[in-house]
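Got the model open in your viewer? Let's walk through it one selection at a time, with a note on what to look for at each stop.

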Amino acid sequence: VSTQSTWGLKQYQEMAVPGSTTGLADSLVKYSPAVPVTESVKYRKPKGGAGGDKGRSNKPEDYLNSVLPPREYTKDGKLYVQYVSPEPASKADVINLDGNLEKKLIEMKARETGICPIREELYSQCFDELIRQTTIICAERGLLLVRVRGELTMTLEANQALYESAVAYGMRKALLAEQKRNRLNAEIMKYEKECAGLQKSVDEFEKGIQDMEKTFLDESTKLEKKHKEAVELEKSKNSLLKEDLQRLLSVQILSGADKGKAKVKQSLNNSTTITYHAK
């Protein structure tokens, strides 16, 4: 059976083998009953194969064996081989194939959308069964379908490789972005630490300025108070001195006036005496 996903086939086999009596995973492709073989005839073809005429009725079987290789397994120490069934399919077989496909999709819990190896493997088996049914009726048509299957497989593998490459590229970019983010976070933490240190220095300087302003204001207030007190003291002294000066001036004026009066009186007396003698 052709497969586009090794992982999907492995998972499919691991889930299907426990319930199988042949040791092989159940397949949607219809196989003939298994027959024992020996190592010497391991790759023998079905009865009436390559030795007959090309136009004989067993030609579709040769096509089937080349298109859909037989599968082998070992049981009880014996080697068994199963060839795809050469029996033509009826309408009921096609209906049963559709039902079995839906049943297995549900049983294997295949995803309805997106990438799903299990769904891919089941649809691949369904397509192989359709190729088997078509090859029995018309070998050329079956070979053409095989070419179509190969092209689809190649396209799918190319898309899968492109997807894996894109995922790897995305992971590399994500890793680089994570490294850059870590580096930028480290730089941010460094600069934040420096900013915190500078802010602390600014706060200290501002506190120092405030303390200096407070000290200057206190000293200015004290000096202003002392100046006012000194001015008031000088004013008091000036007032006292002014009062003393005015008092002294008053005394001097009074004493000067008395002396003037005495001189005037004496002058009058002297003039009177002179007049009297003259007479």
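Start by selecting β1 and strand β3 (residues 78-82): 3 bridges join them, and the two run antiparallel. This is a predicted model, so keep a pLDDT colouring handy.

Now show the side chains of this pair. Val35 has Val81 as its bridge partner in β3. Further along, Val37 stands opposite Leu79 of β3.

Keep β3 selected and add β2. Here 5 bridges link β2 to β3, and this pair is antiparallel too. Which residue of β3 is the bridge partner of Tyr73? Click across and you'll land on Tyr80. Lys75 also has a partner in β3, namely Lys78. Between β2 and β3 is a hairpin with 2 residues between the strands. Click on Asp76 in that hairpin: its phi is positive, near 55 degrees.

Now bring up the whole sheet. The 3 strands make an open sheet in the order β1-β3-β2, with antiparallel pairing. β1 (35-37) and β2 (71-75) stand at the edges with a single partner strand each, so each has one side without a neighbour in the sheet. Look along the sheet and you can follow the twist, which averages 40 degrees from one strand to the next. As you look, remember what goes for strands in general: in a regular one, the side chains alternate between the two faces of the sheet.

Is β3 mostly enclosed or left open by the rest of the structure? Turn on a surface and check: 4 of its 5 residues are buried, so β3 is largely enclosed by the rest of the structure.

Next, hide the sheet and select helix α3 (residues 91-107) together with helix α4 (residues 117-137). Their axes are 10 Å apart and the packing angle is about 170 degrees. With angles over 145 degrees counting as roughly antiparallel, α3 and α4 are therefore roughly antiparallel to each other.

Show side chains where the two helices touch. On the α3 side, select Val94, Leu97, Leu101, Lys104 and Leu105. They meet Arg119, Leu122, Tyr123, Cys126, Glu129, Leu130 and Gln133 of α4. Colour this contact by residue class and you'll get 8 nonpolar, 1 polar and 3 charged residues.

Zoom in on Gln133, which sits in helix α4. Is this side chain buried or exposed? Gln133 counts as buried, with a relative accessibility of 8%. Leaving aside residues up to four places away in sequence, Gln133 touches Ala89, Val94 and Leu97. For a distance to try in the viewer, pick the C-alpha atoms of Gln133 and Ser85: they are 9.2 Å apart, with these positions 48 residues apart along the chain.

Next stop is Lys109, in the loop between α3 and α4. Lys109 isn't a glycine, yet its phi is positive, about 55 degrees. What is its relative accessible area? The value is 72%, so Lys109 is exposed.

Zoom out to the full chain. You should be able to pick out 5 helices and 3 strands. Trace them along the sequence and the pattern reads α-β-α-β-β-α-α-α. Of the 279 residues in the protein chain, 21% are buried. If you display contacts between residues at least 6 apart in sequence, 67% of these join residues at least 24 apart.

Last, switch on that pLDDT colouring. The chain averages 79, and 75% of the residues score at least 70. Which element has the lowest mean pLDDT? That's helix α1 (residues 6-16), with a mean of 47, while α3 has the highest at 90. Select residues 1-9 and you'll find pLDDT below 50, though this stretch has 23 contacts in the model beyond near neighbours in sequence. Then select residues 11-21: pLDDT stays under 50 here as well, and the model has 20 contacts for this stretch beyond four places in sequence.

Note on methods
Residues numbered from 1 in each chain as written. Predicted model: local features only at pLDDT ≥ 70, side-chain atom pairs only at ≥ 80, totals over all residues. Heavy atoms only, no water. Axes fitted to C-alpha atoms, helices over the stretch in contact; angles between N-to-C directions. Parallel < 35°, antiparallel > 145°, perpendicular 65-115°, else oblique. Contact = heavy atoms within 4.5 Å. Nonpolar A, V, L, I, M, F, W, Y, C, P; charged D, E, K, R; others polar. pLDDT = per-residue confidence, 0-100. Pairing = 2+ DSSP bridges. Buried < 20%, exposed > 50% of the residue type's maximum accessible area, 1.4 Å probe, protein only.
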